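I opened this notebook to keep track of what I looked up, entry by entry, for someone who has not met this structure before. I begin with the ligand and then turn to the helices and the backbone.

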Amino acid sequence: MMSELRQQLDQIKADGLAEIAAAADLPALEAVRVKYLGRKGSVQTAFEKLPTLPKEERPAFGALANQTRDALTTALQERKALFESAGGPRGPKLDLTLPGRAPVIGRPHPITQVTDEVVRIFRRMGFSVADGPDIETEYYNFDALNTPADHPARDVQDTFYIEREKGVLLRTHTSPVQVHVMEKQQPPVRVVVPGRCYRRDEIDATHHANFHQVEGLYVDRNVSVANLMGDCEFFFKQLLGPETRVRFRPHFFPFTEPSYEIDLNSPALRMAGREWLEIAGCGMVNPRVFESVGYDPEQWTGYAFGMGVERIAMILYGIDDIRLFYENDLRFLRQF
Ligand code: PHE
């Protein structure tokens with residue numbers, strides 16, 4: 001009798017442990033608990049046989065039944081803890097075999113890349129980098145740059161005014177930063193100024209209301225047109241290769257005298273079937289500009305230039321439409 005019951009208990013324990021180990025989730029585990037340890041479960045049913053045994057056999061059987069119950073209870077608790085640490089009853093199951101998710105790596109915009117390269121070359125030539133506000137006053141954008149009130153660029157048609165009466169506007173070029181820099185420091189000055197500019201231009205493949213320039217300013221004793229031309233030519237050859245040619249065409253800017261436009265001719269341009277491309281304005285700083293910042297024009301001379309970053313990027317990368325830079329199309333941006 002006793003040995004038969006012993007066998008039954010051993011069987012219950014073995015089956016119970018196997019089913020606990022096989023339970024796939026918390027609900028399955030709960031079902032196993034009810035089946036073995038519930039009020040009508042196998043262990044309880046075995047306990048109920050106790051009174052049918054002879055008195056002297058009862059303690060040994062009771063001890064064995066307790067042992068069975070404890071073994072099952074411990075195994076249940078351990079497996080339950082395992083499920084809960086893996087995300088709770090309804091949480092995600094941890095699957096260590098899933099492949100990882102590749103992070104999307106960004107990169108600098110082509111305009112930023114070209115600006116950085118331009119600045120890098122000028123730094124090697126001894127220039128430092130300066131910065132100025134996008135929102136300017138008429139004074140810095142025009143007056144201090146010897147651009148009179150009746151100049152066509154000051155027309156509301158040409159310029160984005162923020163407050164017309166107060167003369168607050170979006171800068172039309174980076175040249176106002178020349179004035180800020182010279183107000184803050186005494187010569188010699190050797191700076192480049194990358195920045196965003198705004199014009200009420202009709203938007204087409206080569207014009208945008210929003211574009212970028214790099215301004216340059218070099219002030220010292222005896223700076224000459226030869227320095228301007230030599231430095232510009234050196235710079236463009238560094239940027240676009242030794243076969244690049246530059247041409248200085250006489251031009252007019254109120255803030256330089258004499259003034260030129262710089263045209264470029266490079267292998268990349270020739271391949272695209274273009275001869276000369278206008279890339280920058282430049283000239284010798286007009287003495288009137290020195291006067292407006294308190295520099296003595298008898299002592300100091302200087303050159304200044306302003307070049308279009310989009311134009312350079314278009315040559316470097318063979319892009320034929322300026323609007324592509326601002327559309328944020330990843331198919332375009334991922335190519336750089
Ligand atoms: N600011 C001029 C422009 O935007 C370029 C320029 C800069 C010309 C410096 C001369 C000197 O067209």
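Entry 1, the ligand. I looked first at His-173, and found that a polar atom of its side chain lies 2.9 Å from a nitrogen atom of the ligand. I note at once that the model is a predicted one, and I read every value here with that in mind. Next I turned to Arg-199, where a polar side-chain atom lies 2.9 Å from an oxygen atom of the ligand. For Gln-213 I found a polar side-chain atom 3.0 Å from an oxygen atom of the ligand. I then asked myself which residues come nearest of the 14 around the ligand. They are His-173, Ser-175, Arg-199, Gln-213 and Gly-306, so named in my list for later reference.

Entry 2, helices α1 and α2. I looked up how helix α1, residues 2-22, packs with helix α2, residues 26-37, and noted an angle of about 170 degrees with the axes 10 Å apart. Because angles over 145 degrees count as roughly antiparallel, I wrote down that α1 is roughly antiparallel to α2. The crossing of these two helices is left-handed. On the α1 side I listed Ile-12, Asp-15, Gly-16, Glu-19 and Ile-20 as making the contact, and on the α2 side Leu-29, Val-32, Lys-35 and Tyr-36. Sorted by class, this contact of α1 with α2 has five nonpolar, one polar and three charged residues.

Entry 3, helices α5 and α8. I went on to helix α5, residues 110-124, which packs with helix α8, residues 225-240, at an angle of about 130 degrees, the axes being 10 Å apart. That angle makes α5 oblique to α8. Here I recorded a right-handed crossing, in which α5 passes α8. Glu-117, Val-118, Ile-121, Phe-122 and Arg-124 are the residues of α5 that meet Phe-235, Gln-238 and Leu-239 of α8. By class I have five nonpolar, one polar and two charged residues for the contact of α5 with α8.

Entry 4, helices α5 and α11. I stayed with α5 and checked its approach to helix α11, residues 309-317, where the axes come within 9 Å and cross at roughly 100 degrees. The two helices α5 and α11 are therefore roughly perpendicular to each other. From α5 the contact takes in Pro-110, Ile-111, Gln-113, Val-114, Thr-115 and Val-118, and from α11 it takes in Val-309, Glu-310, Ile-312, Ala-313, Leu-316 and Tyr-317. I counted by class again, and the contact of α5 with α11 has nine nonpolar, two polar and one charged residues.

Entry 5, the backbone. Before looking, I reminded myself that most residues other than glycine have a negative phi, and that most peptide bonds are trans. Where, then, does a cis peptide bond join two residues with omega at about 0 degrees? I found one such bond between Pro-187 and Pro-188, and placed Pro-188 in the loop between α7 (176-184) and β5 (189-198). The peptide bond from Glu-257 to Pro-258 is cis as well, with omega near 0 degrees, and Pro-258 is found in strand β8, residues 256-265. Last I looked at Asn-146, whose phi is near 60 degrees, a positive value in a residue other than glycine. I noted that Asn-146 lies in the loop between α6 (138-141) and β3 (161-163).

How values were computed:
Residues numbered from 1 in each chain as written. Predicted model: local features only at pLDDT ≥ 70, side-chain atom pairs only at ≥ 80, totals over all residues. Heavy atoms only, no water. Axes fitted to C-alpha atoms, helices over the stretch in contact; angles between N-to-C directions. Parallel < 35°, antiparallel > 145°, perpendicular 65-115°, else oblique. Left-handed = near helix turned anticlockwise from the far one by under 90°. Contact = heavy atoms within 4.5 Å. Nonpolar A, V, L, I, M, F, W, Y, C, P; charged D, E, K, R; others polar. Near = heavy atom within 4 Å. Polar contact = N/O pair within 3.5 Å; in protein donor to acceptor, adjacent residues only side chain to side chain.
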